[in-house]
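Q: I am new to this structure and would like to go through it step by step. Could you show it first?

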Amino acid sequence: MRPTDAVDLIPHPLATQTSPVRAVHASLSRDLGGLRIDAALCGAKDALLVPAGTSSVRRDGLWRHTCIEFFAGPLSSTEYLEFNLSPAGEWALYHFKDTRDPLPLPSASPPQVQVQWAGQDLRVVARLAVNEWAVSWIEEELSVGLSAVLESRSGALSYHAIHHPRDVPDFHDRRGWIGRLEATGSRGMT
């Protein structure tokens, strides 16, 4: 159940002792109206703690439990967005001027979220409308970091990303954002 154009998210080598999944694959793409994140958590049925519910409420602190994330910012600026999505449908969107330097929260409609089990695998797909975001760079080429925080049934957290540049998990570190999303009109990540 690998999404089209997906990259493998690898567990953090020091902070992840065990993972509640066999593999994590994720992709980010965009079109004229939005961004689409597609994540597959393979082998998740027995060990992954999936938050209950199907709420589309905007909520902080999703990274404390099972959560899919992406970070994206233009190559020409230090500005970036962070998006968090719980498989329960809760979501968060943050806007930063520079690393962990917050700007006012961007307005956004709740994402369209689909969550589907296929045997042992969990697939989470979300589409965000971006035409209402008050960020000037939405049509530029973006640097992208895809990541996931996964909670096991025992409560242990594991940290997965395209690349881990530090000895502690830090998804805000742009050195880990090795994906590229071309300007609007292109399909997916490179």
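Q: How many disulfides does a search of the whole structure find?
A: The search finds 0 disulfides, a disulfide being a pair of cysteine sulfur atoms within 2.5 Å. Please note that this is a predicted model, in which local features need pLDDT of at least 70 and side-chain atom pairs count only at pLDDT 80 or more, while totals for chains, interfaces and linings use all residues. Residues are numbered from 1 along each chain as its sequence is written, and side-chain values use heavy atoms, with hydrogens and water left out.

Q: Why is there no bond for Cys 42?
A: The closest cysteine sulfur, in Cys 67, is 18 Å from the sulfur of Cys 42, which is too far for a bond. In general, a disulfide is a covalent bond between the sulfur atoms of two cysteines.

Q: Is Cys 42 buried or exposed? And what about Cys 67?
A: Cys 42 is buried, at a relative accessible area of 6%. Cys 67 is buried as well, at 0%. Here buried means under 20% relative accessible area, exposed means over 50%, and partly exposed lies in between (1.4 Å probe, protein chains only).

Q: Changing topic: which way do the residues of strand S5 point?
A: Tyr 80, Glu 82 and Asn 84 point one way, whereas Leu 81, Phe 83 and Leu 85 point the other way. S5 covers residues 80-85, and 6 of its 6 residues are buried. Strands (E, at least two residues) and helices (H or I, at least four) are DSSP runs, numbered from the N terminus.

Q: What joins S5 to strand S4?
A: There are 5 bridges between S5 and S4 (residues 67-74), and the two run antiparallel. Two strands pair if DSSP finds at least two bridges between them. Leu 85 in S5 is the bridge partner of Ile 68. S4 and S5 form a hairpin, with 5 residues between them.

Q: And how many bridges join S5 to S6?
A: S5 is joined to S6 (residues 91-98) by 6 bridges, again in an antiparallel arrangement. One bridge pairs Tyr 80 with Phe 96 in S6. These strands form a hairpin with 5 residues between them, and Gly 89 in the turn has a positive phi of about 100 degrees.

Q: What about S3, is it enclosed or open?
A: S3 is largely enclosed by the rest of the structure, because 8 of its 9 residues are buried. S2 is joined to S3 by 8 bridges and runs antiparallel to it, with His 25 opposite Ala 40 in S3. S3 also pairs with S9 in the antiparallel sense, over 8 bridges. There, Leu 41 has Leu 122 in S9 as its bridge partner.

Q: Which residues touch the most other members of the largest nonpolar core?
A: In this core of 33 residues, they are Leu 28, Ile 37, Leu 41, Phe 70, Phe 83, Val 144 and Leu 146. A nonpolar core is a set of buried Ala, Val, Leu, Ile, Met, Phe, Trp, Tyr and Cys residues joined through side-chain atoms within 4.5 Å. S2 (23-30), S3 (34-42), S4, S5, S6, S9 (121-129) and S10 (142-151) each supply at least two residues of this core. S10 gives the most, with 5 residues.

Q: Is there a second core? What does it include?
A: A second, separate core has 11 residues, among them Cys 67, Phe 71, Tyr 94 and Phe 171. In soluble globular proteins, nonpolar side chains tend to be buried together.

Q: How many aromatic pairs are found?
A: A search of the whole structure finds 6 aromatic pairs. Rings of Phe, Tyr and Trp (its six-membered ring) pair if their centres lie within 6.5 Å; planes under 30 degrees apart count as stacked, over 60 as edge-to-face and the rest as tilted. Phe 71 and Tyr 80 form a tilted pair, 6.4 Å centre to centre with 45 degrees between the planes. Both Phe 71 and Tyr 80 are buried. Tyr 94 and Phe 96 form a tilted pair too, at 6.5 Å and 45 degrees.

Q: Which residues do ring pairs link into a cluster?
A: The cluster consists of Phe 71, Tyr 80, Tyr 94, Phe 96 and Trp 177.
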